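User: I'd like to learn how to read a protein–DNA model like this one. Could you walk me through it, feature by feature?

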Number of protein chains: 4
Amino acid sequence: MSVQTRGRLLRAAKKVFSEKGYYNAQISHIIDTAGVARGTFYLYFKSKEEILKEILKEVVSELRVRIKVIDLKRDPVDQIVENIQRVLDFALEEKELARIVLQRNCDPKLFSTIEEFFDEVTSMVENSLRKGIDLGLLRECDTSVLAKALIGAVKEVIVGLLDKKDVDTKKVARDLVDLGLRGIWKGGESYGGFRAV
Amino acid sequence: MSVQTRGRLLRAAKKVFSEKGYYNAQISHIIDTAGVARGTFYLYFKSKEEILKEILKEVVSELRVRIKVIDLKRDPVDQIVENIQRVLDFALEEKELARIVLQRNCDPKLFSTIEEFFDEVTSMVENSLRKGIDLGLLRECDTSVLAKALIGAVKEVIVGLLDKKDVDTKKVARDLVDLGLRGIWKGGESYGGFRAV
Amino acid sequence: MSVQTRGRLLRAAKKVFSEKGYYNAQISHIIDTAGVARGTFYLYFKSKEEILKEILKEVVSELRVRIKVIDLKRDPVDQIVENIQRVLDFALEEKELARIVLQRNCDPKLFSTIEEFFDEVTSMVENSLRKGIDLGLLRECDTSVLAKALIGAVKEVIVGLLDKKDVDTKKVARDLVDLGLRGIWKGGESYGGFRAV
Amino acid sequence: MSVQTRGRLLRAAKKVFSEKGYYNAQISHIIDTAGVARGTFYLYFKSKEEILKEILKEVVSELRVRIKVIDLKRDPVDQIVENIQRVLDFALEEKELARIVLQRNCDPKLFSTIEEFFDEVTSMVENSLRKGIDLGLLRECDTSVLAKALIGAVKEVIVGLLDKKDVDTKKVARDLVDLGLRGIWKGGESYGGFRAV
DNA sequence: AATGAATGAGTGTTCATTCAT
DNA sequence: TATGAATGAACACTCATTCAT
C-alpha cells in the first residue's frame, strides 16, 4: 500500500466529483486523472461509494478541527466570527470539497456523513441560542427554526464565494454574524414603515 | 394524448424522484407507480431528463405566482412575510417537489432551471436591500452576501419543515423576517458581552 | 376498405422506403406521409413487411408486362433493345421503386420476390444465349456466367441513371446491347496489343 | 487491448453480418459467436455501426491491394484479366465479406465507404475506356454507361459464384473480359439476323 | 504493489402492433 | 371505416467491479 498512490486517487476523486458530481463521475475519470491503472483503484478503495465517503469523512474531521468550542473567558461573538471565518477559509482553500459537499448533495444515503455533521452543528447552534435566551441576551424565538436559518445562510454564502477571488473572509464572517445578531434594520425595534423589496 | 396519463406520469415521477433522487430513479419505477406501460412514458416525455425538467419548470412557474411583487401602498414587511409564507405553504403542500428541488440538486445541467430561478430571486432580494439602504431604512451592508444569506436561510428552514406536521407557516415566516430585520440580539446595538455557543 | 386510402399508403410507403430504406423506415413516417391514422395502416396491411412485399409484387408484375417475349418474326435484337428500353423507362418513371429494388436489397427473406424474379429473368437470358449458340449465332461461352453479367450490367446502369435528367433510354438500351453483342473492341478478333486501363 | 480478441470479434461480426444482414444482426449474436462478454465488444468497437465500417474499410483496402495499376509494358488485357481474377479470388476466399458488400448494401450512410470505392473503380474504368478510344483501340461509346455496365457485370457474377464450388476464377475472368471486348456475337459487325431471347 | 483485459447485470429508449372507441 | 392511446418485447450501450498476470 503506497500512501502516495492513495493520495493521488483521493485528490483525483475530489477533482472529478466536484466537477461532474458523484453520479456523472466515472472510475475511468478518476484513474485517468490519478494516472493509475484500473485495478489499482480497487486496491485502495472498495468501491466508488467508499472513496466518496472517505472524502466526506475528511471534510467533517477538518471542519471539527476548525470549529472550536467557545471559550467562555473570551468574547463569544469574536469567537463565533472566528469559527465562521475558519470555515470560510477552509471552503476557499478546498473549493472542490466545498462544491462536493454543498452543491451536489444528491443522495441522502451517500451523504449521510455530511448530513449528520450538519445536524450536529445545527444542534450546537440551537443549544447556544437557548443559552443566550436563558441568559437574557437573546430574544425569545423558535430556536429550531433560527438555528437552521443561520446554518443555511452560511452554506449559501459559501457557495456564492466559491466563484469569487480575493475574498475577505473576516469581513464576510462579521457581516454574517451582524446579520444574525442585529439584523439589517436600521431604526430600532419597529419597522412598520419599511418601503422596499 | 391523454391529459390524465400525462398527469399520472408527472405525479409518479415527482414521487419517485423525491424518494430516490434523479439518478437512482428508474423509468421502471415511474411507470410502475403510474401504472402505465413502458412505451407510454415515451409518448409523453422524450426522456427521463425531460420529465425532470418539466417538473422543475412547474415548480418555478408556481413559485413565480406565489412570490408577489411588493405593492408600495401597503406595508412591505407584511408583504415579505406573506411571500415567504406562500413559499413555505407551497413547499409543505408539495413536499415531494420541495425535496427534489432542495435536497437533490445534483447536476447543474439538469437543475439549471432551478438555479437560474434562485439566482433571479437572489437578485430581487439584493435590489430590495439596496433600495432599503438608499432610503436610509437599512444598514449599510454587503448586499450580495446578505441576499445569499437570506435565501439560504429560507431554503434550509424549508428543508427542516418537510418532516414536521402542523407547521404554523405564518409564524415561521415572521420569525425569519424578524431574524433578518432585527437579528436575535436583545440588547440594542452593542453585543460585546454575549456568552454562548 | 377504401381503395384511395390503400393507394395513399402504398404511395407513402414507396416514398419512405426509397428514401430511408426498409429498416430505417418507420410506420410513423409512412402514416404521416399518407396523412392517415396509425390504426388505419393495419386495416390495409398486416405488417410493415407485408406492405413492402406488396410493393415488390407490383414491381415484378409491371416488369412482367414490360418485358415482352421475343417474337421470332421480327428482328430479335430490336426487340431486346425495346425490352431493355421499357425496363429503363419504368425505372425512370418510378425512381422510388427502382431505388427500393436496386439499392436496398437488404434482406434476402424480405426481397425474395425480387430475387426470384431476377433469377427467372436470368434463366430467360441464359436460355436465349444457349439458343443463340445452338443456332451458331453466338460464340460458345459459359452461359450461366454471361447471363448474370448481362443482368448485372443492366442493373448497375439503371442505378446510375436514377440521378440523371433527360436520359435517352433508347440510346442507352442500344449501347448496352451493343456492348453485349459486339463488345467494345474495335479491331476484330484479336486484341493482343491493347494498351489502356 | 488484445489483438486476438479484436480479431475474434471482427471474424464473428463478418459471419453474423453476412448471415443476417446488418439490421438483423444483434450484438448478442456477435459476442456469442466470438465467445466474449458484452462489455468486451465495446472495449474494441464504439458501436455496432463502427465494427461494420471497420470491416468495410478492410475490404476496400484489400481490394486496393488486389487491383493493380496496369503496367504499360505488358499486355493490358492480361492484366485486366488478372485484376478481375484476383478480385474473384478474394470474394471466394472471403465469401462472408463479399456477401456483406454485395448483397446487403442497405444504408447509404453505413456503406458509404464501399460506395465511394465502387465509384472510384468506376471512374478508373471510365478513364481507361476513354484512353482506349483515344488510341483508336476501342469503339466510340458512352463511357459513363459502359463503365457502370462492366462493374455491374462483375458484381453480379461474383454474387452468382458465392454458392458454387471449385470455381475456375481464371476462366470466369477471361469470359468476362471476352464479353466486354468482343461481345457474344459471332458473325462480325452486323447482327441483324439474330434469332434468340 | 500494480496492471488492464474481461465481465455482465442493469437501464434508457425504440417501434411495430393492438384494441377500445 | 377510421382513430390514436396504449402496449411491451427487444436491443444497444454503460460502467462498476473482478482477477489472472
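Analyst: Let's start with a single contact: a polar backbone atom of A37(B) sits 2.9 Å from a phosphate oxygen of DNA strand F. A polar contact here is a pair of N or O atoms within 3.5 Å. One thing to keep in mind is that this is a predicted model, where local features need pLDDT of at least 70, side-chain atom pairs count only at pLDDT 80 or more, and totals for chains, interfaces and linings use all residues. For bookkeeping, residues are numbered from 1 along each chain as its sequence is written, chains are lettered from A and ligands numbered from 1 in the order in which they are written, and side-chain values use heavy atoms, with hydrogens and water left out.

User: Which phosphate oxygen contact of DNA strand F involves T5(B), and what does R38(A) reach?

Analyst: A polar side-chain atom of T5(B) is 2.6 Å from a phosphate oxygen of strand F. R38(A) reaches a base instead: an N or O atom of its side chain lies 3.2 Å from a base oxygen of that strand. Zooming out, the elements that give two or more residues to the surface near strand F are α3 (38–44) of chain A, α3 (38–44) of chain B, α3 (38–44) of chain C and α3 (38–44) of chain D. Helices are DSSP runs of H or I with at least four residues, strands are E runs of at least two, and both are numbered from the N terminus.

User: How do I read the surroundings of DNA strand F, and which residues come nearest?

Analyst: The idea is that a residue is near a strand if one of its heavy atoms lies within 4 Å of it. For strand F there are 35 such residues, and G39(B), Y44(B), M1(C), Y44(C) and Q26(D) come nearest. Of the strand F atoms within 4 Å of the protein, 62% belong to sugar or phosphate and the rest to bases. By class, that surface has 15 nonpolar, 14 polar and six charged residues. Nonpolar means Ala, Val, Leu, Ile, Met, Phe, Trp, Tyr, Cys and Pro, charged means Asp, Glu, Lys and Arg, and the others, Gly among them, are polar.

User: And which residues come nearest to DNA strand E?

Analyst: Strand E has 35 residues around it, with M1(A), Y44(A), M1(D), G39(D) and Y44(D) nearest. Sugar or phosphate accounts for 63% of the strand E atoms within 4 Å of the protein, and bases for the rest. Three phosphate contacts are worth a look:
- the side chain of T5(A) has an N or O atom 3.1 Å from a phosphate oxygen of strand E;
- K48(B) uses a backbone N or O atom, 3.1 Å from a phosphate oxygen of that strand;
- A37(D) also uses a backbone N or O atom, at 2.9 Å from a phosphate oxygen of strand E.

The elements giving two or more residues to this surface are α3 of chain A, α3 of chain B, α3 of chain C and α3 of chain D. The class split is 15 nonpolar, 14 polar and six charged.

User: Now the protein itself. How many helices are in chain A?

Analyst: Chain A has nine helices and zero strands. Its C-alpha trace spans about 65 × 35 × 30 Å along the principal axes.

User: At what angle do α5 and α9 of chain A cross?

Analyst: Axes are lines fitted to C-alpha atoms, for helices over the stretch in contact, and angles run from 0 to 180 degrees between N-to-C directions. The axes of α5(A) (residues 76–93) and α9(A) (residues 169–182) come within 8 Å and cross at roughly 130°. That makes α5(A) oblique to α9(A). Under 35 degrees is roughly parallel, over 145 roughly antiparallel, 65 to 115 roughly perpendicular, and the rest oblique. Their contact has eleven nonpolar, two polar and three charged residues.

User: How do α8 and α9 of chain C pack?

Analyst: α8(C) (residues 143–161) and α9(C) (residues 169–182) pack at about 150°, with axes 11 Å apart. They are therefore roughly antiparallel. With contact meaning heavy atoms within 4.5 Å, L150(C), V154(C), V157(C) and L161(C) of α8(C) meet V172(C), L176(C) and G180(C) of α9(C). Six of those contact residues are nonpolar, one is polar and none is charged.

User: Last one: how far apart are the closest C-alpha atoms of chain B and chain C?

Analyst: They lie 13 Å apart, and no contact joins chain B and chain C. Chain B and chain D do not touch either, their nearest C-alpha atoms being 21 Å apart.

Conventions. Polar contact = N/O pair within 3.5 Å; in protein donor to acceptor, adjacent residues only side chain to side chain.
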